[in-house]
Amino acid sequence: MTDLRPGPVSRRRTPPPRPFRVRPAGPRPAGLRPFRRGTPGLPAARLRALRLLARRRLARLAAALGARPARRLLLPVLAALLAVPLLTAAHRARPAPYGDRLVAPASLPAAADPAVRIRDARVQAYDTATGRTRWTYARTGHRPLAVRAVPGHVFALWSDGLVTDTVRGDGRAVRWHRAIPAFDGRPAGVLQPLDPAGEMLAVLSPQHVAAYRAVDGDLRWVLPARRGCHFVPSRTARRGPVLLVAQPCAEPAPWTEQLVPVDALGRVTPGRAPLGNGRTARPRDRGTPGPGVRRPAVAGPGKGLAGAR
């Protein structure tokens, strides 16, 4: 059987019909162009020109976006290249440390061990055969007071209490600078090498005796003066590898306390066990033997200066 029930009623409204426009009869007014669908309001030539201009701008924008990473890398590189000469000029223009002024003529070959002396407020190394200058060393505002030369080293004491070590052969560098506390300005006997090879240097002052390793200026040991006494750097004597330093006292004291023996390992005392100090000299060049090794006493008036340790 056929279902005769009515179906759902649609609520959609039917749009009203469009009005029908009728072109008025008669001639068209002047200046009025007919309307044609799809025709732009600009001439075709002008439209092509605008499209071409837009394409060019898009091409330029794409090129700029593609070159941006390269520009980011290029700017730091250019900045670094421009900074190199500026940094080099600043490095050359800065003052030398401690006012050092080393002058070595490039035309002269370096000598193994030239002689040294103080001349015109500077340390001068010269050839003993010809007298020609090998190198000079000066410090701005200061003058050398004393100089000691050992193989490979030139030790100098300056007016401000600074001790320096310069390469003796060609004067190419100053190895180290060390200051003397409370320097009294008297240079006599202040610089005392403690071995023939010049591996250790003793610097004497009234308050203490300090020993430095020549290769790097490392402080190895310090011997202070006894209370009520003081060292006199100008009153020293040598007995083999031992340096004797006068130590007068204000109050009466035994003579053994007023004469202090030192060597590369420190103060010479009976039965001492010195610590190693990194020296490379042969055992026979050392001031005292190691523990358990006996050495004949050094003959002298009355009794030996440095007997068996």
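1. Three aromatic pairs are present in the structure, which is a predicted model. One of these pairs joins Phe155 and Trp176; the ring centres are 6.2 Å apart and the planes meet at 40°, an arrangement classed as tilted. Phe155 belongs to strand E6 (residues 153-158) and Trp176 to strand E8 (residues 174-179), so this contact ties together parts that are 21 residues apart in sequence. Both Phe155 and Trp176 are buried.

2. Trp176 also pairs with Tyr212: the ring centres lie 6.2 Å apart and the planes stand at 25°, so this pair is stacked. The limit for stacking is an angle under 30 degrees. Since Trp176 is part of strand E8 and Tyr212 of strand E11 (residues 208-213), the pair ties together parts that are 36 residues apart in sequence. Through these ring pairs, Phe155, Trp176 and Tyr212 are linked into a cluster.

3. The burial of two cluster members can be stated numerically. Trp176 has a relative accessibility of 3% and therefore counts as buried. Tyr212, at 11% relative accessibility, therefore counts as buried as well. The cut-off applied here is under 20% relative accessible area.

4. Tyr212 reappears in the description of internal space. The structure holds one cavity of 30 Å³ or more, and the volume of the largest cavity is about 30 Å³. Its lining consists of Ile180, Pro181, Val203, Ser205, His208, Ala210 and Tyr212. Strand E11 gives the most to this lining, with three residues.

5. Two contacts between a charge and a ring should be noted. Arg117 lies over the face of Tyr126, at 3.9 Å from the ring centre. The charged end of Arg139 is placed over the ring of Trp158, at 5.4 Å from the centre of that ring.

6. Four strands form an open sheet in the order E1-E4-E3-E2, with antiparallel pairing. Strand E1 (100-103) and strand E2 (115-118) occupy the edges and have a single partner strand each, so one side of each is left without a neighbour in the sheet. On average, and with direction ignored, neighbouring strands of this sheet are turned by 15° against each other.

7. Within this sheet, strand E3 (residues 123-126) and strand E4 (residues 133-139) are paired in the antiparallel sense over four bridges. Tyr126 stands opposite Thr133 in E4. Tyr126 is also the residue whose ring face lies under Arg117.

8. Strand E14 (residues 242-246) is mostly covered, as five of its five residues are buried. In a regular strand the side chains alternate between the two faces of the sheet. In E14 both faces are covered: Val242, Leu244 and Ala246 are buried on one side, and Leu243 and Val245 are buried on the other.

9. E14 is paired with strand E13 (residues 232-239) in the antiparallel sense over five bridges. Ala237 has Leu244 in E14 as its bridge partner. The hairpin of E13 and E14 has two residues between the strands, and Gly240 in this hairpin takes a positive phi near 70°.

10. E14 is also joined to strand E15 (residues 259-263) by four bridges, and these strands run antiparallel. Ala246 stands opposite Leu259 in E15. Leu244 and Ala246, which take part in the bridges to E13 and E15 respectively, are on one side of E14 together with Val242.

Definitions and conventions: Residues are numbered from 1 along each chain as its sequence is written. This is a predicted model: local features need pLDDT of at least 70, side-chain atom pairs count only at pLDDT 80 or more; totals for chains, interfaces and linings use all residues. Side-chain values use heavy atoms; hydrogens and water are left out. Two strands pair if DSSP finds at least two bridges between them. Axes are lines fitted to C-alpha atoms, for helices over the stretch in contact, and angles run from 0 to 180 degrees between N-to-C directions. Rings of Phe, Tyr and Trp (its six-membered ring) pair if their centres lie within 6.5 Å; planes under 30 degrees apart count as stacked, over 60 as edge-to-face and the rest as tilted. Buried means under 20% relative accessible area, exposed over 50%, partly exposed in between (1.4 Å probe, protein chains only). A charge sits over a ring if NZ of Lys or CZ of Arg is within 6 Å of the ring centre and within 35 degrees of the ring normal. On a 1 Å grid over the protein atoms alone, a cavity is a set of points where a 1.4 Å probe fits but cannot get out, and a pocket is an open set with protein on both sides within 12 Å along at least five of seven lines; lining residues have an atom within 4 Å of a point. Grid points are joined across faces, edges and corners, and a volume is the space filled by probe spheres set on the points.
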